[in-house]
Amino acid sequence: MAGQAQHPAHGAFFEPTQPASSQAQFSSLQADEANGPDLNLDVILDVPVTLSLEVGRARLPIRNLLQLNQGSVVELERGAGESLDVFVNGTLIAHGEVVVINDRFGVRLTDVVSPSERIRRLR
């Protein structure tokens, strides 16, 4: 009964099988210079992203956090008049200032992070 194993629940013998496996093969994801200008971005143009603005941040002990109530003021690390950070899906893409458009807030971009800098920050 070499090569056979006993099933623990039934006591019957069975032939253990080895799952068939093979090494996955993937092509390189490096840019192809010959096809560089012909990239078709149409497939991603309708993908939704989240744009968010950061006015500033503050670090405070939990004791102070628990003491906050209506009317409390929290001082932010960013100075008055400094640009806001503009993020897309958590990645800094620009700096800007708040504007009001038809009774709604908006942002006017004052500085856009270059694509190469955005990629560098992702790594």
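**Figure 1. From the N terminus on, the elements run β-β-β-α-β-β-β-α.** This is a predicted model. In total the chain has two helices and six strands. Of its 123 residues, 10% are buried. The accessible surface adds up to about 11,400 Å², and carbon and sulfur atoms account for 53% of that. If you take the contacts between residues at least 6 apart in sequence, 26% of them join residues at least 24 apart.

**Figure 2. Four strands line up as an open sheet in the order S3-S4-S5-S6.** The pairing is antiparallel. Which strands sit at the edges? Those are S3 (51-54) and S6, each of which pairs on one side only. Going from one strand to the next, the twist averages 45 degrees. As a general reminder, strands of a sheet pair through backbone hydrogen bonds, either parallel or antiparallel. Here, S3 and S4 run antiparallel and are joined by four bridges, while S4 and S5 pair in the antiparallel sense over five bridges.

**Figure 3. Strand S4 is largely enclosed by the rest of the structure.** Why say enclosed? Because four of the five residues of S4 are buried. One residue to look at here is aspartate 85, which is buried with a relative accessible area of 13%. Aspartate 85 is the bridge partner, in S4, of glutamate 54. Aspartate 85 also stands opposite histidine 95 in S5. Its side chain has a charged partner too: aspartate 85 forms a salt bridge with arginine 78, with the closest N and O atoms 2.8 Å apart.

**Figure 4. Glutamate 54 and arginine 57 meet through their side chains in a salt bridge.** The N to O distance is 2.9 Å. Are the two partners buried or exposed? Glutamate 54 counts as buried because its relative accessibility is 17%, under the 20% cut-off. Arginine 57, on the other hand, is exposed, with a relative accessible area of 51%; the cut-off for that label is over 50%. Backbone pairing comes in as well, since glutamate 54 has aspartate 85 as its bridge partner in S4.

**Figure 5. A salt bridge between glutamate 97 and arginine 108 links two strands of the sheet.** The side chains of glutamate 97 and arginine 108 meet at 2.8 Å, N to O. Glutamate 97 lies in strand S5 and arginine 108 in strand S6, so the pair ties together parts that are 11 residues apart in sequence. Both partners get the partly exposed label: glutamate 97 has 36% relative accessibility, and arginine 108 has 46%. How many salt bridges are there in the count? It comes to three, including this one.

**Figure 6. S4 and S5 form a hairpin with two residues between them.** Strand S4 covers 84-88 and strand S5 covers 91-101. Valine 88 stands opposite threonine 91 in S5. The loop between S4 and S5 holds asparagine 89. What is the phi of asparagine 89? It is positive, about 50 degrees, although asparagine 89 is not a glycine. For context, most residues other than glycine have a negative phi. Asparagine 89 is exposed, with a relative accessible area of 51%.

**Figure 7. Asparagine 102 has a positive phi in the loop between S5 and S6.** Where is this asparagine found? Follow the chain past S5, and asparagine 102 is in the loop that leads to strand S6 (104-112). Asparagine 102 has a phi of about 50 degrees, again without being a glycine. Asparagine 102 is exposed, with a relative accessible area of 73%.

**Figure 8. Six nonpolar residues make up a patch on the surface.** The members are Leu39, Leu41, Val43, Ile44, Leu45 and Val47. Together these residues have about 640 Å² of accessible area. Leucine 39 is found in the loop between strand S2 (13-14) and S3. Is leucine 39 buried or exposed? Leucine 39 is exposed, with a relative accessible area of 64%.

Technical notes
Residues are numbered from 1 along each chain as its sequence is written. This is a predicted model: local features need pLDDT of at least 70, side-chain atom pairs count only at pLDDT 80 or more; totals for chains, interfaces and linings use all residues. Side-chain values use heavy atoms; hydrogens and water are left out. Buried means under 20% relative accessible area, exposed over 50%, partly exposed in between (1.4 Å probe, protein chains only). Two strands pair if DSSP finds at least two bridges between them. Axes are lines fitted to C-alpha atoms, for helices over the stretch in contact, and angles run from 0 to 180 degrees between N-to-C directions. Contact means heavy atoms within 4.5 Å. Accessible areas come from the Shrake-Rupley method with a 1.4 Å probe; for residues, only the protein chains shown count as cover. Patches are made of residues with over 30% relative accessible area and no salt bridge: like charges are joined within 9 Å, nonpolar side chains (Val, Leu, Ile, Met, Phe, Trp, Tyr) within 5 Å. A salt bridge is a side-chain nitrogen of Lys or Arg within 4 Å of a carboxyl oxygen of Asp or Glu.
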